[in-house]
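Let's take a walk through this fold, sheet by sheet, and finish at the ligand. Keep the viewer open while you read.

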Amino acid sequence: MTSPALEFDNITKQYRSFFHNESVKALDGFSLRVEQGEIFGFLGPNGAGKTTAIHIALGFMFPSSGRGLMLGRPFGHAATRRRVGFLAENVAFYHRPAGRLVRFYGALNGMHGPQLRSCTAELLKELELSEVAGRNASKFSRGMLQRVGLAQALVNDPELLILDEPTSALDPLGRITVREILLKARNAGKTVFLSSHLLSEVEQICDRMAIVIKGRVARVGTVSELLEAQNRFVITARGIDELLFEGTRQNGFIKITVPALGQRQAIEKIWLAGGEVIAVNPIRRTLEDLFVELAHKNGGPHTEKRRQ
Ligand SMILES: Nc1ncnc2c1ncn2[C@@H]1O[C@H](COP(=O)(O)OP(=O)(O)O)[C@@H](O)[C@H]1O
Ligand SMILES: [Mg+2]
């Protein structure tokens with residue numbers, strides 16, 4: 001078996017504020033494994049701990065406890081960083097022309113000469129930045145900055161691409177461009193780890209995803225795995241004693257909602273009670289339904305603050 005692209009092993013991160021005597025547990029027993037070659041969606045409400053997990057993987061800060069591996073090396077291993085492309089949530093750049101910035105980041109990763117120039121030009125073209133490559137990035141809109149950020153993350157042709165909310169400022173066309181770039185990266189055998197709170201986007205391109213709630217992985221799997229486990233059926237029946245079944249009544253019919261696995265048992269129970277099954281209809285749930293349900297089950301979407 002190949003080693004995973006990313007592995008978080010029971011990580012806890014507590015932020016402390018000395019002034020307010022407060023602490024926030026941003027990650028709490030956080031474990032996750034991302035395989036090589038997949039586009040993995042990292043979903044969660046604001047404040048769930050996504051950025052914290054990413055910063056720990058990149059070695060920007062240490063976990064309070066737990067450990068993990070990035071491309072088979074412990075988090076923070078300096079040489080491994082060269083094999084990784086990263087786009088931060090809030091991109092900020094030096095006041096320099098966009099093209100020069102991208103070349104600068106390539107050079108930081110040991111690239112130079114004609115190879116660096118042609119890679120940069122190609123990426124700028126792909127991200128539709130060629131025309132503005134000579135302009136100072138400090139004057140760019142957030143969407144344009146995000147494109148420069150992506151070019152910077154891709155310039156060293158990384159094996160693992162970690163993107164923290166890469167399309168939050170992009171218009172629909174920009175999103176399509178990014179989607180195409182990410183699919184191309186996967187086809188070239190690369191791993192993409194994409195944090196987002198945009199469910200539809202993740203649903204469209206990710207092979208698997210994790211939903212993080214309050215610093216923990218609440219669910220992980222493919223979209224269909226996540227949604228199948230949620231599937232329910234509505235059985236419409238008549239001719240049964242209303243008191244035997246829990247359901248809603250309408251015009252002499254009773255509608256009973258059951259989980260997918262309880263479907264057969266419920267139908268048998270209706271028959272045994274002398275009733276008639278009129279219809280069995282699946283309820284299709286969306287990722288959004290699941291997301292909202294998980295957030296509420298855990299007492300609201302946000303990480304709590306604790307006074308010590
Ligand atoms: N540097 C910090 N100091 C104190 N608290 C922080 C810091 N960074 C993040 N937090 C808190 O940790 C929690 C998780 O934040 P974050 O990892 O940014 O979540 P996400 O990226 O999922 O929105 C939030 O409650 C946030 O307020
Ligand atoms: Mg974040």
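Two strands count as paired if DSSP finds at least two bridges between them. Helices (H or I, at least four residues) and strands (E, at least two) are DSSP runs, numbered from the N terminus. With that in hand, look at phenylalanine 40, which sits opposite phenylalanine 193 in S8.

A few ground rules before going further. This is a predicted model, where local features need pLDDT of at least 70, side-chain atom pairs count only at pLDDT 80 or more, and totals for chains, interfaces and linings use all residues. Residues are numbered from 1 along each chain as its sequence is written, while chains are lettered from A and ligands numbered from 1 in the order in which they are written.

How confident is the predictor? On pLDDT, the predictor's confidence in each residue from 0 to 100, the protein has a mean of 89, and 96% of its residues reach 70 or more. Residues 303–308 are a weak spot, with pLDDT below 50; that stretch has 14 contacts in the model beyond near neighbours in sequence. A contact here means that the C-beta atoms of two residues, placed from the backbone, lie within 7 Å.

Now the overall layout. The domain assignment splits off domain 1 (6–227) and domain 2 (232–284), with bounds that come from an automatic or database domain assignment. The C-alpha centres of domain 1 and domain 2 are 47 Å apart.

Back to the sheet that holds that phenylalanine pair. It's an open sheet of 6 strands, in the order S6-S7-S8-S3-S9-S10, with mixed pairing. Strand S6 (84–87) and strand S10 (216–221) are its edges, each pairing on one side only. Neighbouring strands are turned by 15 degrees against each other on average, direction ignored. Strand S3 (residues 39–43) and strand S8 (residues 191–196) run parallel, joined by 5 bridges.

Two helices lie across this sheet. Helix H4 (residues 142–154) lies across S6 and strand S7 (160–164), at about 170 degrees to S6. Helix H5 (residues 172–187) lies across S3, S7 and S8, at about 150 degrees to S8. For these angles, axes are lines fitted to C-alpha atoms, for helices over the stretch in contact, and values run from 0 to 180 degrees between N-to-C directions.

Next comes an open sheet of 4 strands, ordered S12-S13-S11-S14, with antiparallel pairing. Its edges are strand S12 (248–250) and strand S14 (276–283), each pairing on one side only. Neighbours here are turned by 25 degrees against each other on average, direction ignored. Helix H8 (residues 263–272) packs on this sheet, touching S11, S13 and S14, with its direction at about 5 degrees to that of S11.

Zoom in on the strands themselves. Strand S11 (residues 232–238) and strand S13 (residues 253–259) run antiparallel, with 7 bridges between them. Phenylalanine 233 faces valine 258 in S13, and valine 234 faces threonine 257. S12 and S13 form a hairpin with 2 residues between them, and asparagine 251 in the turn has a positive phi of about 45 degrees. In that antiparallel pair of 3 bridges, glutamine 250 has phenylalanine 253 as its bridge partner.

Finally, the ligand. Of the 12 residues around ligand 1 (C-beta atom, placed from the backbone, within 6 Å), Tyr15, Ala26, Lys50, Thr51 and Thr52 come nearest. Strand S2 (22–34) and helix H1 (50–57) are the elements that give two or more residues to this shell, and H1 gives the most, with 3 residues.
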